[in-house]
Amino acid sequence: MSALKRFESTGWLRGNSAGCRPRFRERRSCWRLVLLGPPGVGKGTQSQLLKQRLGTCHLSTGDLFRAAYSRVGCDPTPAMKEAINYMRRGQLVPDSTVWNMVKERAECLRCRVGFLLDGFPRTLPQAEQLQTFLEDAMLPLSAVVEYKMPLDEIIKRLSGRRVCETCKAVFHVTSRPPKVEGVCNECGGRLYQRPDDCPASISVRMEAYRKSTSPLIAYYDDLGLLTSIDADGTADQVFARTMGALVPRARRVG
Ligand code: AP5
């Protein structure tokens, strides 16, 4: 596993920049991206491809919540403890706690290699807090990529998903199978099925996306940051479309 891959899930999950070893010490420019889209559309998969091409770190709040819940690979920072208490009571974690969890990891947002935010922001208040932080820190977003796909295709993707419990790499039983069944190609870790990938949880997550997250599309469009990508097709095709949309944007931004 490369140093960059190790970095992405240590500093971010542990709540500080311990273990952070960016390879690109003297970078003049870097990518700061937010990935938007419904559960299962392929944000995590594209993040894996984008971080390899762009040299950025993949910061997933979903990974943070799963690490907090299982208490594997994450330090119990104050905001993390607060989030765990909400989750234990079966309550939604409020925006203020989510923002505190991200703020505890502010060094990851300031990192010179940039970032790929996946699963955050998820509500308008979260987006506004992030925007204020980035403006104050003079760290402008490069773009917000919105992935779109019909619901029936998304459900097929979610029901076949398998995730590495060690490095979080994402696979699919038919469209992106591991070389050895149940074993991660990247690190040899064990693959598992996420408990929220059952039909009952999928419909709750889709509704939460429609209600709370889809308004972010208009928010980022108004800021001139939105790029919409058709997420149908193979992961490589979607990746090529994403790069095709991002590269001219980088030239425009300078
Ligand atoms: P999170 O982990 O962020 O889940 P999500 O947003 O529901 O997104 P997913 O990870 O399910 O899907 P994805 O788009 O990354 O798809 P993937 O690439 O894996 O969050 C989990 C939970 O944590 C949330 O429900 C919420 O409760 C909580 N949470 C997180 N952040 C929060 C926040 N900020 N505030 C409050 N709560 C928060 O792909 C899916 C499958 O499809 C895979 O098997 C993959 O191999 C396959 N696939 C991908 N692309 C293709 C392709 N092109 N062709 C064929 N198959 C493909």
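How do strand 5 and strand 6 pair, and over how many bridges? Strand 5, residues 161-164, and strand 6 pair in the antiparallel sense, over 3 bridges. Two strands count as paired here if DSSP finds at least two bridges between them. Helices and strands are DSSP runs numbered from the N terminus: H or I of at least four residues for a helix, E of at least two for a strand.

Before I go on, a word on the source. This is a predicted model, with residues numbered from 1 along each chain as its sequence is written, and local features need pLDDT of at least 70, while side-chain atom pairs count only at pLDDT 80 or more. Totals for chains, interfaces and linings use all residues, and side-chain values use heavy atoms, with hydrogens and water left out.

On confidence: pLDDT is the predictor's confidence in each residue, from 0 to 100. The chain has a mean pLDDT of 87, and 89% of its residues reach 70 or more. Residues 1-8 stay under 50, and for that stretch the model has 17 contacts beyond four places in sequence. Contact means heavy atoms within 4.5 Å.

Now the overall composition. The chain comes to 11 helices and 8 strands. Of its 254 residues, 50% are buried, where buried means under 20% relative accessible area, exposed over 50%, and partly exposed in between, with a 1.4 Å probe and protein chains only. Taking contacts between residues at least 6 apart in sequence, 69% join residues at least 24 apart.

Back to the sheet I opened with. Strands 6, 5 and 7 form an open sheet in the order 6-5-7, with antiparallel pairing. Its edge strands are strand 6, residues 170-172, and strand 7, residues 191-192, each pairing on one side only. Within the pairing of strands 5 and 6, Arg162 has Phe171 of strand 6 as its bridge partner. Helix 8, residues 151-159, lies across strand 5 and strand 6 and runs at about 45° to strand 5. For such angles, axes are lines fitted to C-alpha atoms, for helices over the stretch in contact, and the angle runs from 0 to 180 degrees between N-to-C directions.

There is also an open sheet of 5 strands, in the order 2-3-1-4-8, and its pairing is parallel. Strand 2 (57-60) and strand 8 (226-230) are its edges, each pairing on one side only. On average, neighbouring strands of this sheet are turned by 25° against each other, direction ignored. Strand 4, residues 143-148, pairs with strand 8 in the parallel sense over 5 bridges. In that pairing Val144 stands opposite Leu226 of strand 8.

Next, the aromatic residues. A pair of aromatic rings is described by the distance of the centres and the angle of the planes. Rings of Phe, Tyr and Trp (its six-membered ring) pair if their centres lie within 6.5 Å; planes under 30 degrees apart count as stacked, over 60 as edge-to-face, and the rest as tilted. A search of the whole structure finds 3 such pairs. One of them is stacked, because the rings of Trp99 and Phe120 have centres 6.2 Å apart and planes at 15°. Trp99 lies in helix 5 (residues 95-103) and Phe120 in the loop between strand 3 (115-118) and helix 7 (124-136), so this pair ties together parts that are 21 residues apart in sequence.

Trp99 is buried at a relative accessible area of 8%, and Phe120 is buried at 0%. Trp99 also pairs with Phe133: the centres are 6.0 Å apart and the planes at 70°, so this pair is edge-to-face. Since Phe133 lies in helix 7 and Trp99 in helix 5, the pair ties together parts 34 residues apart in sequence. Phe133 is buried too, with a relative accessible area of 14%. Trp99, Phe120 and Phe133 form one aromatic cluster.

Last, two residues of helix 2, which covers residues 43-54. Lys43 lies in this helix and counts as buried at 14% relative accessibility. Leaving aside neighbours within four places in sequence, Lys43 is in contact with Leu35, Leu36, Gly37, Pro38, Asp118 and Tyr147. The C-alpha atoms of Lys43 and Glu146 are separated by 9.0 Å, with the two residues 103 apart along the chain. Thr45 lies in helix 2 as well, and is buried with a relative accessible area of 16%. Not counting residues up to four places away in sequence, Thr45 touches Val170, Arg176 and Ala235.
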